[in-house]
Amino acid sequence: MEKTLIILKPSCVQRALVGQVINRFQRKGLTIAGMKMMQLDEQILREHYAHLVDKPFFPSLLRSMMATPVIVMCLVGKEVVSVVRAMVGATNSRVAAPGTIRGDYGMSGQENIVHASDSPENGDIEVARFFKPDEIFTYQPITTPAIYNDQERNY
Ligand code: TYD
């Protein structure tokens, strides 16, 4: 089953947007397979943002991501990675399309409310980075037949 790792960043927590952002994912029909609050540290952020450690903005990104605890979530659903990336919008919130989470709630490239995995492979890797196996739950919501048809449901 395809998974994506969501981080409700300190910008989301500080601005009290946690409920609104989670509500968007639930209204869409995605299933929450795991969710918890945690304080990120430099070690996990150096792994998570390994592709950015040499960028000049990395120290600022580290400070930003450690500013408060964050909410981490594992969402599942058919093609959930691409569905959620479309919902989240472009990295820079000022150019993210209206209707996307960043486009509706943000004004910053760095304080951009949410992280979402960018490929199914990274979804698996990132969920394993932030969750223990017994923190991820497999269950079939009773709404499933109203969200997917018979073929779509076998994702
Ligand atoms: P990246 O993985 O490129 O984008 P995304 O979060 O959309 O997958 O970058 C990770 C985070 O690094 C991004 O959400 C915010 C921060 N960032 C900056 O602060 N400045 C930048 O120029 C870039 C590219 C990213």
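A salt bridge is counted here when a side-chain nitrogen of Lys or Arg lies within 4 Å of a carboxyl oxygen of Asp or Glu. The structure is a predicted model.

**Exercise 1.** State how many salt bridges the rule gives, and examine the pair formed by lysine 36 and glutamate 135.

*Solution.*
Step 1. Applying the rule yields a count of seven salt bridges.
Step 2. One of them joins the side chains of lysine 36 and glutamate 135, with an N to O distance of 2.8 Å.
Step 3. Lysine 36 belongs to strand E2 (residues 31-38), whereas glutamate 135 is in the loop between helix H7 (120-130) and helix H8 (144-147); the pair therefore ties together parts that are 99 residues apart in sequence.
Step 4. In general, side chains of opposite charge can pair when their charged atoms come close.

**Exercise 2.** Describe the surroundings of the ligand, beginning with the residues around it.

*Solution.*
Step 1. The residues around the ligand include Lys9, Tyr49, His51, Phe57, Arg85, Thr91, Arg102 and Asn112.
Step 2. Sorted by class, the shell holds four nonpolar, five polar and three charged residues.
Step 3. Polar side-chain atoms approach oxygen atoms of the ligand: the distance is 2.5 Å for threonine 91, 2.9 Å for asparagine 112 and 3.0 Å for histidine 51.
Step 4. On its own the ligand has 500 Å² of accessible area, of which the protein covers 74%.
Step 5. The space that the ligand takes is the largest pocket.

Technical notes:
Residues numbered from 1 in each chain as written. Predicted model: local features only at pLDDT ≥ 70, side-chain atom pairs only at ≥ 80, totals over all residues. Heavy atoms only, no water. Near = heavy atom within 4 Å. Polar contact = N/O pair within 3.5 Å; in protein donor to acceptor, adjacent residues only side chain to side chain. Areas by Shrake-Rupley, 256 points an atom, 1.4 Å probe, with all protein chains shown as cover. 1 Å grid on protein atoms, 1.4 Å probe; cavity = no way out; pocket = protein on both sides within 12 Å on 5 of 7 lines; lining within 4 Å. Sits in = over half its atoms within 2 Å of the grid points. Nonpolar A, V, L, I, M, F, W, Y, C, P; charged D, E, K, R; others polar. Helix = DSSP H or I, 4+ residues; strand = E, 2+ residues; numbered from the N terminus.
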